[in-house]
Amino acid sequence: MRTLNWMVSATLLLSLSAVAQQPADSQTTSQPATTMSAPAATPDQTTAQPATTSQVPSPAPAANAQPAPPQAAPQPTTMDQVVDRFVMREKGLIKMLQTRTPVIETYLQNLTLDPALGPIPQNDKYFLGRMDLSTTIDRKDYIKDDQSMEKHLLGGFSKLFKVQYQPLGFSWMIFADRNDFDRQHYDFRYVRREFLGDVRTLVFDVTPKPKSGQGRFLGRVWVEDQDYNIVRLNGTYAPRPRNAYFFHMDSWRLNLIPGYWVPAFIYSEEGDFSAGVKNQMAFKAQTRIWGYDLKKDGASDELTNIRVDSVQDDSPTAQDASPLAAEREWQQQAEDNVVERLQRAGLLAPEGDLDKILQTVVNNIEVTNNIDLPRPVRTRVLLTSPLETFSVGNTIVISRGLIDTLPDESSLAMALTHELAHIVLGHNLGSKYAFNDRMLFSDESTYENLGFKHIPEEEAAADKKAIDMLKNSPYAQKLDGAGLFLKMLNTRAGSLGALLTAHLGNSMNEGATVTRMSGLMTSAPQIDWNKLDQIAALPMGGRVKLNPWDDKVELVKSQPVAITSARDKMPFEVTPFFPRLTRQGTTDTTGASGSAATSTPTPTTAANTKTN
Ligand SMILES: [Zn+2]
């Protein structure tokens, strides 16, 4: 098969690509790219695993293999040759991703028109799943929906009785056309050259040939001009089958491994709020894909993923642990188990620079309140959008979506201090996870197997303690920002039920009322939409940049954009993606922008910083 030959890796190319992090042995093989990644590609393992598959680690020498970059080819000289090249590269990408099961998240807001603010969220929906890209695109969801999803209606939602979104539909535009993206089924017309970020692209309009079948891609593709990979797709699918819609999508890819651009963001939007238009539907949705480098559930080389940094016994005594020490050891074991398991399920970012910023904020609170815990408090970032925090042992976990929407450092401190208060008050949850059998569940059933919800009495006690601690902290004079954030959340709580549904910890609301740290709301100023410098909460996706290949997170360094009207504020709203594209190995400045005017929080450090 032509595509296979083309996929054979060329060692020549490797010296040209920046692949410092690639294991040396994976660079020298001349196997088709798909056989290079973990032994998960065998046919029996690509079929769906039963939900209760246990994962027994067995030693496997296979490194965390990166796919080999595609073979070098002569530069095309005509536009027809360019088309042939990107059609071939698309097939190469589909092939490379066959062994991958990334996490896919869609957060959708149904819209209604507010005369002053424009379209605002009326209600919302949240989908989270694992995609299997082996032969067809299939997915398993982390969140079980009570209504059964009709998965055969790809790319749309059925109109039979009511509008029903198909989670799978939002993932459809990771490829233009999985099976038939070629000259037999499509016409390609060159439009122009265009820069997307640092990357020069060639733009082509793509139209399905007459009678080539339903649900064909109709739109535009951007193709980078070095290897001719598609880096962006924008359009819809046509013609549509009866009783189903295809919505419009804008799909972006990032160059995270040599030679490939992997699907990372898809923005979807429908609806028209001009005078006289009757909307059948109006929504906007962000789809994010990550966890490409995660092991397939039940894959045999789990050992490479298990962290062993807590096994060293550095206690000074050679005695058995005292009862209290044993209790703490036990908590630590549970904490390590949970952190490791969440990371393996693609829900937790690996430890990184963002954690240092979060830890500085926690440290500021600890130092000014003379808190001296037997073990240092750690922080980790949950990769999902719903606004939530929880703690297990001494680890505080905060979601990407919450960090995204918090307007300033004092509100970040507010979110973290609530969990710190649980730790200080000894509200330890999760010690049952020190039993390792409790970690043996499938990734998709994580939410059914792990949970860190406190009883209402502990929630109230943590809020009270947290407010006391904040009032003693460097954030004491800046708590207006935190209160304003909660007030804004309170005005939106009734329409953002999905965003506010915590999946591992306690939700910040009860119905349409925000309960978390609600004491801070009373002293906060009134929300004034027309006061343009009052930013109570940010749109989704403006702060945390997630690397879809290795799940690392960092803060976005996007330039603040001036807010010119109340409609620019868009608190908690989804916005289109516009990542700054760069080539792998060059200065990495990608990140989905779309955020309103704010500056990146650089935590203030309390005078006498504690060194842990
Ligand atoms: Zn709590």
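Two residues count as being in contact when heavy atoms of theirs lie within 4.5 Å. With that in hand, let us walk through this predicted model. Among contacts in the protein chain between residues at least 6 apart in sequence, 69% join residues at least 24 apart. The chain has 612 residues, of which 55% count as buried, and its secondary structure comes to 13 helices and 17 strands.

A good place to begin is the metal. The zinc ion takes its protein donors from His 418 (NE2), His 422 (NE2) and Glu 459, the last of these appearing twice through OE atoms. These donor atoms lie 2.0 to 2.8 Å from the zinc ion. Along the chain, the donors follow the spacing H-x3-H-x36-E. His 422 sits in helix H9 (residues 409-424) and Glu 459 in helix H11 (residues 456-471), so this pair ties together parts that are 37 residues apart in sequence.

What is the geometry of the zinc site? The angles among the four donor atoms run from 51 to 129°, and the site is irregular. To count as tetrahedral, four donors would need all their angles to lie between 85 and 135 degrees. Please keep in mind that water is not among the atoms, so sites may look incomplete.

Are the two ligands His 422 and Glu 459 buried or exposed? The cut-off for buried is under 20% relative accessible area. His 422 has 1% relative accessibility and therefore counts as buried. Glu 459, at 12%, counts as buried too.

Now follow helix H9 outward from the metal to its helical partners. One of them is helix H7 (residues 353-368), whose axis comes within 9 Å of that of H9 and crosses it at roughly 70°. That angle makes H7 roughly perpendicular to H9. On the H7 side, the residues that meet H9 are Leu 358, Val 361, Val 362, Asn 364, Ile 365 and Glu 366. Facing them from H9 are Glu 409, Leu 412, Ala 413, Leu 416, Thr 417 and Leu 420. By class, this contact has eight nonpolar, two polar and two charged residues.

Another partner is helix H12 (residues 479-492). The axes of H9 and H12 come within 7 Å and cross at roughly 70°, so these two helices are also roughly perpendicular to each other. Here H9 contributes Ser 410, Ser 411 and Met 414, which meet Gly 481, Ala 482, Phe 485 and Leu 486 of H12. The contact of H9 with H12 divides into four nonpolar, three polar and no charged residues.

Away from the zinc site, a few individual residues show how distant parts of the sequence come together. Thr 101 lies in the loop between helix H4 (79-96) and strand S1 (103-114), and at 7% relative accessibility it counts as buried. Its C-alpha is 5.0 Å from that of Met 131, although the two residues are 30 apart in sequence.

Thr 201 belongs to strand S5 (residues 199-208) and is buried, with 0% relative accessibility. Thr 201 and Trp 222 are 21 residues apart along the chain, and their C-alpha atoms are separated by 5.8 Å. Leaving aside neighbours within four places in sequence, the contacts of Thr 201 include Arg 192, Arg 193, Glu 194 and Leu 196, along with Trp 222, Val 223, Glu 224 and Val 231.

Further on, Phe 572 is found in the segment after strand S17 (553-555). Phe 572 is buried, with a relative accessible area of 0%. Pro 539, 33 residues away in sequence, lies 4.5 Å from Phe 572, C-alpha to C-alpha.

Finally, some backbone details are worth a look. The peptide bond from Ala 238 to Pro 239 is cis, with omega near -15°, and Pro 239 lies in the loop between strand S7 (230-238) and strand S8 (248-257).

Which residues other than glycine have a positive phi? Met 517 is one of them, with phi of about 50°. Met 517 is placed in the loop between strand S15 (513-514) and helix H13 (519-522), and at 0% relative accessibility it counts as buried. Asp 551 is another, with phi near 70°. Asp 551 lies in the loop between strand S16 (544-546) and S17, and it is buried, with a relative accessible area of 4%.

Technical notes. Residues are numbered from 1 along each chain as its sequence is written. This is a predicted model: local features need pLDDT of at least 70, side-chain atom pairs count only at pLDDT 80 or more; totals for chains, interfaces and linings use all residues. Side-chain values use heavy atoms; hydrogens and water are left out. Donors are N, O and S atoms within 2.8 Å of the metal (3.2 Å for Na, K and Ca); water is not among the atoms, so sites may look incomplete. Four donors count as tetrahedral if all angles lie between 85 and 135 degrees; four count as square planar and six as octahedral if opposite donors are over 155 degrees apart and all others between 65 and 115; anything else is irregular. Helices (H or I, at least four residues) and strands (E, at least two) are DSSP runs, numbered from the N terminus. Buried means under 20% relative accessible area, exposed over 50%, partly exposed in between (1.4 Å probe, protein chains only). Axes are lines fitted to C-alpha atoms, for helices over the stretch in contact, and angles run from 0 to 180 degrees between N-to-C directions. Angles under 35 degrees count as roughly parallel, over 145 as roughly antiparallel, 65 to 115 as roughly perpendicular and the rest as oblique. Ala, Val, Leu, Ile, Met, Phe, Trp, Tyr, Cys and Pro count as nonpolar, Asp, Glu, Lys and Arg as charged, and the others, Gly among them, as polar.
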